[in-house]
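Walk through this structure with the model open beside you. We will take the sheets, then the helices, then a pocket.

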Amino acid sequence: MAYVLTMLRLSDTMTEGVLLKWKKKEGDRVEVGDVIAEVETDKAVMDLESPEAGVLRRYVILEGATVPVGAPIAIIAEADEKIDEVLASLKGSGDAARPVSTKPPPKVVKAPEALPKAGGTAIPSLSEPAETGDGRIKVSPLAARLAAEHGVKLDRIKGSGPGGRVVKKDVEAVLAAGASSDAVTPPAPAELPVAPYSQKSKLLDSGDEFLPGETMPHSQMRKTIARRMTQSKPGVPHYYLTIAVDMENAIDFRSQLNKALPESDRISMTDVIVKASARALTQNPRVNSSWTDGATVLHPAAHIGLAVALPDGILTPVIRDCERRGLLDISRERRLLTQRARERKLAPEQFTGGTFSISNLGMYDIAHFTAIIAEPETAILAVGMIRDIAVVRNGQVVPGKRMDITMSCDHRVIDGAVGAAFMRDLKGILENPATLTL
């Protein structure tokens, strides 16, 4: 029986996804678990695996289309199975599902061997595929969508981005050279599905690909951030606790540790703060909690999310079980997750299930700020820069180093005294960091 493959929910907050690339061709045999497409969600670019075995008989949407979760994207059936009725039923299921053409694919004209330059920028080669060793084409989401809009074959473009990644300017250079109409596959015929997004709009990949005066459409990530923060700020009764921490011992502690470690394993101050927070959460379990309509969940482990800034928003990869892991282990995990977050390659289990979050803007010279709680967590810690200030010690004014930390608390769970006790304990740990090695 024919199976209508729909857009799957690939993250807990995903409401729609962008189908960046089909990984199987029409007519290919697919098995359960085969990667059938590459999808951009609100948090990552992820593989969509087939839940059914059969033959990929028909695409229902084009590459580059944005479709809601649950919308049809392809039909899987046996090779000789009739699917006309299924296709007919999809015609009436909305804009997200329209049958594709049964015409044979248009002929691809051989690309010229050398292309002219446009605006001083080398035109990407149309004869060298931008594939990695495993056959994957490195391409930014924006470049993928732009190519889909104009029918440009990505496997004919040599990318100029890191590692040969095809970026927006590569596709634009091909279009400027007039190569799209005679060197690549032309746009889909009229009966091909119409992607449910504006064909004329630019789509967001990274902020630096847009210029002042241009309009940046909302990406999936930006939509999610807007929705969740708008829900949290007025929906959660926030209050804030700030405390100044003497960081001189923490600086010395970190310096001593790093002298014994290779450069690739150097501990950051963020690692120290994560471990210290985990210790303080263990001492104050009410802060390591989630609010639900029926009860407050006190978590047995400290799964700490770290806010990572991306060109188009923020991701919060989660370091699990921080209360029982060593500093070096936390540091290695933090580097791995941060890199994967920047590549938009986090797996769902790497950015979900956090019980407490930390946002550190100290590297931007921010001395003090407040952060918005990410529900259902009940607290988030905002970390400022370490400042050189004058302090009074033994009746004398001397140089000192201080760092302001501010916790946003959900008053439905964390009363003032509970939050204050956590901050007092966290300050004590950071000012005596040698205890973190015990």
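**Two sheets, three helices and a pocket**

Begin with an open sheet of four strands, ordered E5-E4-E2-E7, in which the pairing is antiparallel. This is a predicted model. Strand E5 (45-49) and strand E7 (66-68) stand at the edges. Each has a single partner strand, so one side of each is left without a neighbour in the sheet. Neighbouring strands of this sheet are turned by 45° against each other on average, with direction ignored.

Look now at one pair in that sheet. Strand E4 covers residues 35-40 and pairs with E5 over five bridges, in the antiparallel sense. To find one contact point, go to Val39: its bridge partner in E5 is Met46. In a regular strand, side chains alternate between the two faces of the sheet.

Move on to another open sheet. It has six strands in the order E9-E18-E17-E16-E12-E15, and here the pairing is mixed. Which strands stand at the edges? They are E9 and strand E15 (318-319). Each has a single partner strand, so one side of each is left without a neighbour in the sheet.

Follow the order from E9. Strand E9 (residues 238-246) pairs with strand E18 (residues 396-410) over nine bridges, and the sense is antiparallel. Tyr240 has Ser408 of E18 as its bridge partner.

Next comes strand E17 (residues 379-393). It is joined to E18 by 13 bridges, and the two run antiparallel. Ser408 of E18 appears here again, as the bridge partner of Ile380. E17 and E18 form a hairpin with two residues between the strands. In that hairpin, Asn394 takes a positive phi near 55°.

One step further along, the direction of pairing changes. E16 and E17 run parallel, joined by four bridges. Ser357 has Ile380 of E17 as its bridge partner. Ile380 is thus a useful landmark: Ser408 is its partner in E18, and Ser357 pairs with it too.

Now turn to the helices. Two packed helices are described by the angle between their axes and the distance between the axes. Start with helix H6 (residues 269-283) and helix H8 (residues 416-431). Their axes come within 9 Å and cross at roughly 135°. Angles over 145 degrees would count as roughly antiparallel, and those from 65 to 115 as roughly perpendicular. H6 and H8 are therefore oblique to each other. H6 passes H8 in a right-handed crossing.

H6 also crosses H7. The axes of H6 and H7 come within 9 Å, and the crossing angle is roughly 120°. By the same ranges, H6 and H7 are therefore oblique to each other. This crossing, too, is right-handed.

The tour ends at empty space. Rolling a probe the size of a water molecule over the atoms shows where such space is left. The second largest pocket has a volume of about 1,100 Å³. Its lining is made by 42 residues. Ala307, Val308, Ile314, Leu315 and Thr316 lie nearest its centre.

Which element gives the most to this lining? Helix H4 does, with five residues. Several elements each supply at least two residues, among them H4 (220-235), helix H7 (327-342) and strand E16 (356-360). Strands E12 (304-306), E13 (308-310) and E14 (313-315) do so as well. By class, the lining has 21 nonpolar, 13 polar and eight charged residues.

Definitions and conventions. Residues numbered from 1 in each chain as written. Predicted model: local features only at pLDDT ≥ 70, side-chain atom pairs only at ≥ 80, totals over all residues. Heavy atoms only, no water. 1 Å grid on protein atoms, 1.4 Å probe; cavity = no way out; pocket = protein on both sides within 12 Å on 5 of 7 lines; lining within 4 Å. Points joined across faces, edges and corners; volume = space filled by probe spheres on them. Nonpolar A, V, L, I, M, F, W, Y, C, P; charged D, E, K, R; others polar. Pairing = 2+ DSSP bridges. Axes fitted to C-alpha atoms, helices over the stretch in contact; angles between N-to-C directions. Parallel < 35°, antiparallel > 145°, perpendicular 65-115°, else oblique. Left-handed = near helix turned anticlockwise from the far one by under 90°.
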